[in-house]
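The exercises below are to be worked with the sequence and the model side by side. Each one sets a task and then goes through the solution step by step.

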Amino acid sequence: MKVTLKDGSCKEYASAMTVIDIAADISDGLARAACAAEIDGQIADLRTVIDRDCELNILTFDSEGGKRAYRHTCAHVMAEAVQNLYPDAKLAIGPAIDNGFYYDFDMPSLSREDLDNIEKEMKKIIKKGDRLERYTLSKEEAVKLMTGRDEPYKVEMINEHPDTDTLTFYKQGDFIEFCAGPHLISTKQIKAFKLTSSSGAYWRGDEHNKMLTRIYGTAFNKKQDLEDYLEYLEDIKNRDHNKLGREMDLFTTVDVIGQGLPLFMPKGTKMIQKLQRWIEDLEDNEWGYVRTRTPLMAKSDLYKISDHWGHYKEGMFILGDDDEDENGNSISGNDIFALRPMTCPFQYYVYKARQKSYRDLPYRMGETSTIFRNEDSGEMHGLTRVRQFTISEGHLICTPEQIAEEFKGCVDLARHCLKTLGLEEDVTYRMSKWDPENPEKYLGTAEEWDKVEGAMREILDDIGLDYTEEKGEAAFYGPKLDIQAKNVYGKEDTMITVQLDMFLSERFDMYYIDENGDKKRPYIIHRTSMGCYERTLAWLIEKYAGKFPTWLCAEQVRVLPISEKFKDYAGKVLSELKKNGIDATVDNRSEKIGYKIREARLDKLPYMLVVGAQEEETGKVSVRSRFAGDEGQKDLQVFIDDICREIRTKEIRTEIE
RNA sequence: GCUGAAAUAGCUCAGCUGGCAGAGCACUUCACUCGUAAUGAAGGGGUCGUGGGUUCGAGUCCCAUUUUCAGCUCCA
């Protein structure tokens, strides 16, 4: 048989051979480094017997598949160690994940010391260096084996497995695991690992099931790489918006105010104000929006029309006694109010207040709207998951003929926002579809959903957007284009959304008069442009590690007199800057100039102007900056012109370093 | 909501088996009036998250609660 290798070369063998034997035949080094293989593009175990012509790619730790096999093997070693130390621990599942692996056990929770002990036991197992044997059993034998070993979760998985004859097992020493593989040849190959944390996790990810104990870890084939990775984890903590944003005095929280209710400090408020002024002017002046300002709350009657009362009541803050009789009338006799979880119906009533003609469409409404969502107590996080937040919201009411063009306009505007903020490369696009298996969670019928999802897909394809499709992520009233971004820890959030709505115009009896004088139902697009201010700020903090583009900085310039003698000149410079709309301050403390510069750098300021005798005489300033190529003496007016241009164009400059 | 951890000065943290509340940075004052990454000295600042309990005595032990963090689940 003929085996074609990755580099295109061929190896011929007279008889069937395992992948690891072929690797050894190529070189001992490769055999030692081999973690898994790809046979004709399919991921495979090193023990796989090759008995036919094929393309073979032997995977080492440098490949994604190799890493996974390596780390998955480490998960097995961890499971063996846990069972050695805690014989009552029951095995659940333990896959490789991005950057590491985990394993779930049914056992009491663990402390850091417990993890350290498990690490020690793992080292013993690795030192012993058992080979992993692979074999198959019939379902009957498999159930018998795992029942005998008292592993109820494994028995459950085996029983549900579609295969009946050849269920794969791996064994190292006394440890046996029902597992598809692939795996390393021996535990000895694991060179460097670390158990990073443990926490609770529901069996099968279902909150109705028992909570198990999950241990997270990671593994590398070089000690140095592990150390580098652990150092990297420490480093990204310094970008974490929740830490950095508080340190930089952008926001804070207070226990008596409550979870998910951040307070913006003056600097954070200034940044949000800059974002808001920018986006409102952009929408109104360049994208044809009209601005609205609608109430933060409404009677329950409104939400009953939109059916938020039916689909989303749990997520709303209800004011007053919401007990109702069987007809939906308040038992107390008082009106029930609720804080708004979205702005849609409010803006619909702005649309409806005057009869609209087809000539008025598209009617694009924008509102910087604060909304309230009663998230579960464990869900709040920094600025990315909060109970009150503000979005650059808008609704476009248009004719069926206009829908594609308007939708594209919304996507264009969103991408323009991303580009301006320097975030365009950091996002992925997701088409969020309904879940046909849970139709009760949505308005409308399968036919209607097929139609509107088809329409959205056509638009997205027409734009040429690279997007994924995900089931069960739609709004209850329609599919969404979600623009997703990951935080420093790799956790994904929706930053911007553009949604098609095919039901609410009917429910709110919205219409326009067409060319023939007939009433017609408009189409509605729900959308954000820059998205949620809180999340955007969080994202900017992490993206720029607090060193924002100048136009967004709360403090753009700090004037630093070299001594109190130059306080007056510093004051003149300051007022010139402010007169030109630059956010500037002056540091008049009686500290040495080097000290003041250091402070300004720690505050991540884009520009510092040092002033003393030389500057006062010549009318110049000495510019210090965190940007490349912008140091030295400058005429004050030249500096002002430069920075004003930079702010106006929203330039993203390259940092020194 | 679930599992676990944590909460001590503005910030970062120390405070052992219960026995007078600590450090560094920051802040204030004084001296210095300074030329590009930390001038010197002195001083102020704490109901030890909150509420109960055990104890002669609680920052420390127990219970409840709030908030924060990690993860799970959820996110219209």
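**Exercise 1: the largest cavity**

Helix α16 gives the most to the lining of the largest cavity, with four residues. The model is a predicted one, in which local features need pLDDT of at least 70 and side-chain atom pairs count only at pLDDT 80 or more, while totals for chains, interfaces and linings use all residues. Residues are numbered from 1 along each chain as its sequence is written, chains are lettered from A and ligands numbered from 1 in the order in which they are written, and side-chain values use heavy atoms, with hydrogens and water left out.

Task: Which elements each supply at least two residues of the lining of the largest cavity, and how does the lining divide by residue class?

Solution. Begin with the search of the whole structure, which finds one cavity of 30 Å³ or more; a cavity is a set of points on a 1 Å grid over the protein atoms alone where a 1.4 Å probe fits but cannot get out, and lining residues have an atom within 4 Å of a point. The space in the largest cavity is about 100 Å³, a volume being the space filled by probe spheres set on the points, which are joined across faces, edges and corners. Next, locate the lining, which includes His241, Thr384, Lys486, Asp493, Arg535 and Trp539. At least two lining residues come from each of β27 (480–486), β28 and α16 (533–544); helices (H or I, at least four residues) and strands (E, at least two) are DSSP runs, numbered from the N terminus. Finally, the lining divides into four nonpolar, three polar and five charged residues, where Ala, Val, Leu, Ile, Met, Phe, Trp, Tyr, Cys and Pro count as nonpolar, Asp, Glu, Lys and Arg as charged, and the others, Gly among them, as polar.

**Exercise 2: a ring pair between distant parts**

Task: Determine how the rings of tryptophan 449 and phenylalanine 503 are arranged, and which parts the pair ties together.

Solution. The structure holds 20 aromatic pairs, counted for rings of Phe, Tyr and Trp (its six-membered ring) whose centres lie within 6.5 Å, with planes under 30 degrees apart stacked, over 60 edge-to-face and the rest tilted. The centres of the rings of tryptophan 449 and phenylalanine 503 are 6.2 Å apart and their planes stand at 40°, so this pair is tilted. Because tryptophan 449 lies in helix α14 (residues 446–463) and phenylalanine 503 in the loop between β28 (492–501) and α15 (504–507), the pair ties together parts that are 54 residues apart in sequence. Tryptophan 449, at 0% relative accessibility, counts as buried, and so does phenylalanine 503, at 9%; buried means under 20% relative accessible area (1.4 Å probe, protein chains only).

**Exercise 3: the neighbours of β24**

Task: Establish which strands β24 pairs with, and whether β24 is enclosed or open.

Solution. Two strands pair if DSSP finds at least two bridges between them. Strand β23 (residues 363–372) runs antiparallel to β24, with 10 bridges between them, and glutamine 388 in β24 is the bridge partner of phenylalanine 372. Strand β31 (residues 523–532) is also antiparallel to β24 and is joined to β24 by seven bridges, with tyrosine 523 in β31 as the partner of cysteine 398. As for burial, 10 of the 11 residues of β24 (residues 388–398) are buried, so the strand is largely enclosed by the rest of the structure.

Conventions:
Buried < 20%, exposed > 50% of the residue type's maximum accessible area, 1.4 Å probe, protein only. 1 Å grid on protein atoms, 1.4 Å probe; cavity = no way out; pocket = protein on both sides within 12 Å on 5 of 7 lines; lining within 4 Å.
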